[in-house]
Amino acid sequence: MKFDFADPHLEAVYYDANASLGISPAVDKGFRKVIGKIAAANNELVLHQLGGLHYHKLKGDRSHEHALYITNTWRLIVERIEEEGETRLLVIAVEDYH
């Protein structure tokens, strides 16, 4: 699935093995793994089927965003972008879920 980064720091962490989110090595590794699964997915249905990701739509004033679990505590926030009949994900942030 195609994706872009809203935050240049997140992009750097994905492409540079020496870059860090500044949270923990486990979250860095999990972040790269989740982005890799997004890149390998043909569509959103695949993300839903990967149960460990818990791909879901957020509620309220964030209903335009979706989340995927990185760890039990941390999640990746993305926004769906529809362009010319194609869905892309915009990677927005890594957030503490609790």
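**Close-up 1. The largest nonpolar core of this predicted model holds 24 residues.** Four residues have the most contacts inside this core: Phe 31, Ile 38, Leu 76 and Val 94. Several elements chip in two or more residues each, namely S1, H1, helix H2 (25-40), S4 and S5. Helix H2 gives the largest share, with five residues.

**Close-up 2. Here's Leu 76 and the company it keeps.** Which residues does Leu 76 touch, once we skip those up to four places away in sequence? Going along the chain, you'll find Phe 31, Val 34, Ile 35 and Ile 38, then His 66, Ala 67, Leu 68 and Ile 70, and finally Val 91, Ala 93 and Val 94. Phe 31, Ile 38 and Val 94 may ring a bell: along with Leu 76, they are the residues with the most contacts inside the largest nonpolar core.

**Close-up 3. Now look at Ile 38, a residue of helix H2.** Is Ile 38 buried or exposed? Its relative accessible area is 0%, and buried means under 20%, so Ile 38 counts as buried. Leaving out neighbours within four places in sequence, Ile 38 is in contact with Met 1, Phe 3, Leu 47, Leu 68, Leu 76 and Leu 89. Try finding Ser 24 as well: Ser 24 and Ile 38 are 14 residues apart in sequence, and their C-alpha atoms are 21 Å apart in space.

**Close-up 4. This is where helices H1 and H2 cross.** Their axes come within 9 Å and cross at roughly 90 degrees. Angles from 65 to 115 degrees count as roughly perpendicular, so that's the label for H1 and H2. On the H1 side, the contact is made by Leu 10, Val 13 and Tyr 14. Across from them, H2 brings Phe 31, Arg 32, Ile 35, Gly 36 and Ala 39. Sort the residues of this contact by type and you get six nonpolar, one polar and one charged.

**Close-up 5. Five strands line up in an open sheet.** Reading across, the order is S1-S5-S4-S3-S2, and the pairing is mixed. Why do S1 (3-5) and S2 (56-57) each have one side without a neighbour in the sheet? They stand at the edges and each has a single partner strand, so one side of each is left free of a neighbour. Helix H1 (residues 8-15) packs on the sheet and touches S1 and S5, with its direction at about 120 degrees to that of S1.

**Close-up 6. Zoom in on strands S4 and S5, which run antiparallel.** Ten bridges join S4 (residues 74-83) to S5 (residues 86-96). To spot one of the pairs, find Glu 79: its bridge partner in S5 is Leu 90.

Methods. Residues numbered from 1 in each chain as written. Predicted model: local features only at pLDDT ≥ 70, side-chain atom pairs only at ≥ 80, totals over all residues. Heavy atoms only, no water. Pairing = 2+ DSSP bridges. Helix = DSSP H or I, 4+ residues; strand = E, 2+ residues; numbered from the N terminus. Contact = heavy atoms within 4.5 Å. Axes fitted to C-alpha atoms, helices over the stretch in contact; angles between N-to-C directions. Core = buried A, V, L, I, M, F, W, Y, C linked by side-chain atoms within 4.5 Å. Buried < 20%, exposed > 50% of the residue type's maximum accessible area, 1.4 Å probe, protein only. Parallel < 35°, antiparallel > 145°, perpendicular 65-115°, else oblique. Nonpolar A, V, L, I, M, F, W, Y, C, P; charged D, E, K, R; others polar.
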